[in-house]
Amino acid sequence: MSRVKTAKQLSKMAENRINEEYILQQYESTTTQENFRQYKERITTLKRLYRGEWDDKYLDSSSMPGKPLIENIVKRGIHDIAGLACEAQASQTFIPRTSKKESYDDAQMRESVCDTIFEVAEGRQLERQLYMDIIGTGIMAVAVVENKRSDYPQYVRLDPERCYPDVFNGVLEDLLVVETVKLRHLQRKYPDVLGDVDPTIDQDCTVVDYYDDYCVVKALIIKKEGQIVPGLPTESVVILSRWEHGLDLIPVAFKKLVTLDSAFRGMYDQVE
């Protein structure tokens, strides 16, 4: 019979599994998938329409001079639907586990705790942006992160254009968030790992946040001219931080629109 592993042993196993090589494999295998490439193209098309970047056409398909002086119904629609959704003020409701008074008191206490966390984290300010995310891109995601300067966790909205969710039967299995930043910006935030800031460095690097049901890992992938190459401090992949949250679930609130082909699609996908 196998022995029950301690928390320290589990932590060591996770650290050995989710290492630099694992993060690099996740990044390369996920971001190159055809379904995600098409999804990001759909988001790019929507944002072009949202900004009004289109032309009037003549019958021969040539572009008319100047910009069309018409209402942007895509932009108006996204804002109007998001505004209507924000008018409904949802409440947190916990069902008592039993019919005993203690269970009712516990449910009310959990409701109060949830409302307090939502208020302190300024969750209400994120609502309109999140509705616009799911209307336009088909998904919305909010990460819960550790805040050492507060007794309460912090909410962080995740940009759908940078998200690569792994969803099975409507349930988020893990999530990769990819962003390109300057290496010197990360040196300011992680001097213990990357050393002092060198203002002469103009090198881009890819920051990867990996979320699963055991931990959250932030790593950087140093690239040059779009290619992964060895860089500071010694390797092309450097783990910057690791948070073992102990929640037994992914610390990300995630929702996607239901679609026939299960792809990530916004409400304006067919508008071009």
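This report covers aromatic pairs, salt bridges and a charged surface patch in a predicted model.

**Aromatic pairs**

A pair of aromatic rings is described by the distance of the centres and the angle of the planes. A search of the whole structure gives five aromatic pairs. One of them joins Y22 and Y210, whose ring centres lie 5.6 Å apart with 80° between the planes, an edge-to-face arrangement. This pair links distant parts of the chain, since Y22 belongs to helix α2 (residues 20-31) and Y210 to strand β5 (residues 204-211), 188 residues apart. Y22 and Y210 are both buried.

Y39 and F264 also form an aromatic pair, with 5.4 Å from centre to centre and 50° between the planes, which is classed as tilted. Y39 is part of helix α3 (residues 34-50) while F264 sits in the segment after β9 (252-256), so the contact ties together parts that are 225 residues apart in sequence. Y39 counts as buried because its relative accessibility is 1%. F264 has a relative accessible area of 10% and is therefore buried as well, the cut-off being under 20%. Y39 and F264 also belong to one aromatic cluster, together with F36 and Y164.

**Salt bridges**

Side chains of opposite charge can pair when their charged atoms come close. The count for this model comes to 16 salt bridges. Three of the pairs are described here, among them E34 with R37, E161 with K47 and R76 with E71.

| Pair | Closest N to O separation |
|---|---|
| E34 and R37 | 2.3 Å |
| E161 and K47 | 2.5 Å |
| R76 and E71 | 3.2 Å |

How far apart in helix α3 are E34 and R37? They are three residues apart, and so are separated by about one helical turn. E34 counts as partly exposed because its relative accessibility is 41%. For R37 the relative accessibility is 39%, so R37 too counts as partly exposed.

The side chains of E161 and K47 meet in a salt bridge. This pair links distant parts of the chain: E161 is found in the loop between β2 (154-158) and β3, K47 is found in helix α3, and their positions lie 114 residues apart in the numbering. With a relative accessible area of 29%, E161 is partly exposed. K47 is likewise partly exposed, its relative accessible area being 30%.

In the salt bridge of R76 and E71, the N to O separation is 3.2 Å. R76 has 45% relative accessibility and so counts as partly exposed. At 47% relative accessibility, E71 also falls in the partly exposed class.

Beyond these pairs, a network of salt bridges links D133, R157, D159, R162 and E179.

**A patch of negative charge**

Which residues gather in a patch of negative charge on the surface? They are D166, E173, D213 and D248. Of these, D166 lies in strand β3, which spans residues 163-168. The relative accessibility of D166 is 38%, so this residue counts as partly exposed. A patch member must have over 30% relative accessible area and no salt bridge, and the 38% of D166 is therefore above that area cut-off.

Methods: Residues are numbered from 1 along each chain as its sequence is written. This is a predicted model: local features need pLDDT of at least 70, side-chain atom pairs count only at pLDDT 80 or more; totals for chains, interfaces and linings use all residues. Side-chain values use heavy atoms; hydrogens and water are left out. Patches are made of residues with over 30% relative accessible area and no salt bridge: like charges are joined within 9 Å, nonpolar side chains (Val, Leu, Ile, Met, Phe, Trp, Tyr) within 5 Å. Accessible areas come from the Shrake-Rupley method with a 1.4 Å probe; for residues, only the protein chains shown count as cover. A salt bridge is a side-chain nitrogen of Lys or Arg within 4 Å of a carboxyl oxygen of Asp or Glu. Lys and Arg count as positive and Asp and Glu as negative; His and the chain ends are not counted. The place of a charge is taken as NZ of Lys, CZ of Arg, CG of Asp or CD of Glu. Helices (H or I, at least four residues) and strands (E, at least two) are DSSP runs, numbered from the N terminus. Buried means under 20% relative accessible area, exposed over 50%, partly exposed in between (1.4 Å probe, protein chains only). Rings of Phe, Tyr and Trp (its six-membered ring) pair if their centres lie within 6.5 Å; planes under 30 degrees apart count as stacked, over 60 as edge-to-face and the rest as tilted.
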